[in-house]
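Reader: I would like to go through this model with you and ask what lies behind the terms. Could you put it up first?

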Amino acid sequence: MPGTEASHENMPMTAVQKFLARACGRDRVEIGEVVYPKPELVIIHDGYVETVHGELAALGYARVRDPKRVVFVTDHEVAYTTQRAVERGRNIRKIAKAWEIGRLFDVGRGGHGHIFPMEAGLVRPGMFLFAYDMHCSNFGAIGALAIGVGAEVSSVLATGSLWTQVPETVRVELTGALPSGAHPRDVGFLLCGGFANGRWNVSHDNRIIEFCGSGLEAFSLASRVALCNSLTEIGVANVLFGSPPPGIDSSGAPDFISDLGAPSAGNIVVDLSTMVPQVALPGGPDLAADLASVEGRHIDHAFIGACGSGMYEDFADAARFVKNRRIADGVRMFIGPGTNEVARRLADDGITQMFVEAGAMVLPPGCGPCAGGIIAPLGPGEVSISTAATNHSGRFGSVDGQCYLGSPLTVAASAVAGCMADPRKFMSP
Amino acid sequence: MEKSLKKRGYCHVFGDRFSLDEGIMPFKFAIERVTDPKKLIPHLFKSTDPDFPGKVKPGDFVIGGQDFACGKPHVQGFIAMAALNLGVICQSMPYKAMRRAVSVGLPLLTGCNPGADFLQNGDEIEVDFATGEARNLTRGTSTRLPSMSPILRDIVVNGGMNGALAAWLKDHPEQAAVEPVALSDSSGAVPVSFVPARKS
């Protein structure tokens, strides 16, 4: 049916209104309205292709609506560690052929599906897309709106769209500058905990969290990704920014910035200069705490990578904590460059070598242990600190393992110390 | 395509922040992934009101306050409500819970605060989800609630997401299966052309 005529034609719009209006072929959509936006891309990872194919086949579907817009990525089980994985890879290739999928990024191609599409120019500023996996919210960093729809991706594939309620927007103004040793992931954890605890009395449920303010100017694309990723697990609709992405030419992109005076469902100010290193306690990113509260706790496992901390800067910034040092005995440490390109740059610049010489192991680009501990898992009773996207029970394999989250700096410092460690204590004065 | 959606039944009023796992359907059914309505219906709202399964009638309304069905968005409670042909009227509902409810075909109105002066526990009401018009047949009063989006109504009258997809396929036979793709571990790999994104 035709869309409702706009009743507030000249009212300022939030960025998400602009994205969704464009994707509906309209001038504007209203907050709270339910619409059918058409995505430019639909991204599904290797862990779900067989399932969604089975579901649609059971309903009698042989073809998806718009196959050329569909992208299969391979990041959950990259280095096949079981015969089942080999079989899954074969089935994914068959499904891609049968459905005439636009792009298949097979094992060893691209890397993490929440990162490489940005560096490859596949996901661009102003673009609207759907994806199976919620951490597609990373693309907010580049000025794209990607909605993770989970199992409802079957509807996107079948019909070319999915009902979406236009969300409200909460603004987070960043002021000041991050002190040395604090990291954007720390800001993300602090916000997760604050929203979950009702610290600001602002609901985050299905809200766009939009960052703005002078403090944002110093944030790289990787820093923006860290903010996007940390907040996703607590149930926000998405994470967007009030200024164009750094280092990306967005001059020709359609408008993806909120208007001045656009409606806001809450305003929060975070003074970056007060940030201290954070952790997320086992159970979820919303269980944020000052690192000081767990400092000295023994660790068995450390991991830098996954979709929230898999970019070049994450490893380059962490490397100085392992350079000319050794990973503590009894700690197994892994780094998982997010993409093939990140892996290449880290190797070219000698950063991989710093980690390897310290005793860390390098995983293939992808999710690493964050995809259920398929590779580099955690054992029962063990303790991990990592930059994973989340840390619910069993996330790294064993349900009896304890997964803490920290920034890449905190993880690197902890791996060297053999216990939860404050990166500020490992820095030269 | 727009279809009408009207319901008439008795009200069962619950409060604010009513939890899915604790108040609506015991968590164990989510863990066990039970999806058979016959197994779920006897437990619906039982932990809140032990008499509920005995007194609820098909077509009745569940009236929630703020943040109705909060907590992890497990679908089991919604499956039971949809199978009983219940309707939900509430002030607000977590977005993911609302999505799960719609996906199993449960009609709902959110943003509603009808208040005790319009309805109370046990009242019989009639609601038109398309217009939001609500009549209290017990008290002889009426009010206008926020209506349900025609997009969501269409999914619900089709019985939820799978019903909507079946209806779509009926309208788009070109997407239907002629020969299903056989997936197995012995059929050999089928090459697919790899189209890498070009770097600028």
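Author: Happily! Chain B has eight helices and seven strands. Please keep in mind that this is a predicted model.

Reader: What makes a residue in chain B count as buried, and what percentage of the 200 residues is that?

Author: The relative accessible area must be under 20%. Of the 200 residues in chain B, 43% are buried.

Reader: Why is the set with Ile24(B) and Leu44(B) called a nonpolar core?

Author: Such a core joins buried residues of listed types, Ile and Leu among them, through side-chain atoms within 4.5 Å. This one has 53 residues, so Ile24(B) and Leu44(B), as members, meet those terms. Phe45(B), Phe68(B), Met81(B) and Met93(B) are also in the group that touches the most other members. H6(B) is the top contributor to this core, giving five residues.

Reader: What does Leu44(B) touch, leaving out residues up to four places away in sequence?

Author: Its partners include Ile24(B), Phe52(B), Met81(B) and Leu86(B). Each is a contact because heavy atoms lie within 4.5 Å.

Reader: How do you know that S3 and S4 of chain A pair?

Author: Pairing takes at least two bridges. Strand S3 (residues 70-73) and S4(A) have two bridges in the parallel sense, so they pair. Phe72(A) stands opposite Leu104(A) in S4(A).

Reader: And why is strand S4 (103-104) of chain A called an edge strand?

Author: S4 of chain A pairs on one side only, as does strand S6 (145-148) of chain A. The open sheet runs S4-S3-S2-S5-S6 in chain A, with parallel pairing.

Technical notes:
Residues numbered from 1 in each chain as written. Chains lettered and ligands numbered in written order. Predicted model: local features only at pLDDT ≥ 70, side-chain atom pairs only at ≥ 80, totals over all residues. Heavy atoms only, no water. Helix = DSSP H or I, 4+ residues; strand = E, 2+ residues; numbered from the N terminus. Buried < 20%, exposed > 50% of the residue type's maximum accessible area, 1.4 Å probe, protein only.
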